Amino acid sequence: MTPFAVLAWMVAIGLPSARLTRLGVEDVIFERPRDWLLDHTTGKLETLLACPWCFSAYTTAAAVGGATAATSVPLPFLVWLGAWQVACSTYWWTAKVSGDA
């Protein structure tokens with residue numbers, strides 16, 4: 001296991017997680033189901049659906065879990081933390097570039 005391999009896993013998981021976060025939290029395609037869930041839930045699930053930081057933590061954890069089950073991800077907890085940071089930074093950057101933030 002090299003540091004480059006860990007970094008590659010972080011980026012390979014972080015970038016799709018950022019897209020899944022934007023898809024789940026902001027994109028129009030899931031607006032109706034998201035609004036319905038927000039109207040019918042309270043507490044932590046409501047926070048999860050409305051907060052990109054929270055949503056990205058769970059999408060990244062699911063991606064790392066799936067990748068670890070399918071292959072041999074080195075240091076999965078470290079990869080999760082790094083990929084989560086990549087996802088959050090990418091989400092923020094794309095929001096700034098598109099003018100959403």
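**Notebook: a look at an all-helix chain**

I started with the outside: the accessible surface of the protein chain comes to about 6300 Å², and 71% of that belongs to carbon and sulfur atoms. Note to self: this is a predicted model, so every value here is computed from it.

Next I looked up the secondary structure. I found 5 helices and 0 strands in the protein chain. Reading along the sequence, I wrote the pattern down as α-α-α-α-α.

Then I checked the dimensions. Along its principal axes, the C-alpha trace spans about 45 × 30 × 20 Å.

How much of the chain counts as buried? I got 33% of the 101 residues.

I also looked at contacts between residues at least 6 apart in sequence. Of these, 70% join residues at least 24 apart.

On to the charges. I noted 6 positive and 7 negative side chains in the protein chain. The centres of the two sets lie 6 Å apart.

Back to the surface, this time for a nonpolar patch. Which residues make it? I listed Phe4, Leu7, Val11 and Leu15, and the patch covers about 390 Å².

I picked Leu7 out of that patch for a closer look. Leu7 sits in helix H1, which runs over residues 3–25. Why does Leu7 count as partly exposed? Its relative accessibility is 46%, and partly exposed is the class between buried, under 20%, and exposed, over 50%. So Leu7, at 46%, goes down in my notes as partly exposed.

How values were computed. Residues numbered from 1 in each chain as written. Predicted model: local features only at pLDDT ≥ 70, side-chain atom pairs only at ≥ 80, totals over all residues. Heavy atoms only, no water. Patch = residues over 30% accessible without salt bridge, like charges linked within 9 Å, V, L, I, M, F, W, Y side chains within 5 Å. Areas by Shrake-Rupley, 256 points an atom, 1.4 Å probe, with all protein chains shown as cover. Salt bridge = Lys/Arg side-chain N within 4 Å of Asp/Glu carboxyl O. Helix = DSSP H or I, 4+ residues; strand = E, 2+ residues; numbered from the N terminus. Buried < 20%, exposed > 50% of the residue type's maximum accessible area, 1.4 Å probe, protein only. Contact = heavy atoms within 4.5 Å. Lys, Arg positive; Asp, Glu negative; His and termini not counted. Charge placed at Lys NZ, Arg CZ, Asp CG, Glu CD.
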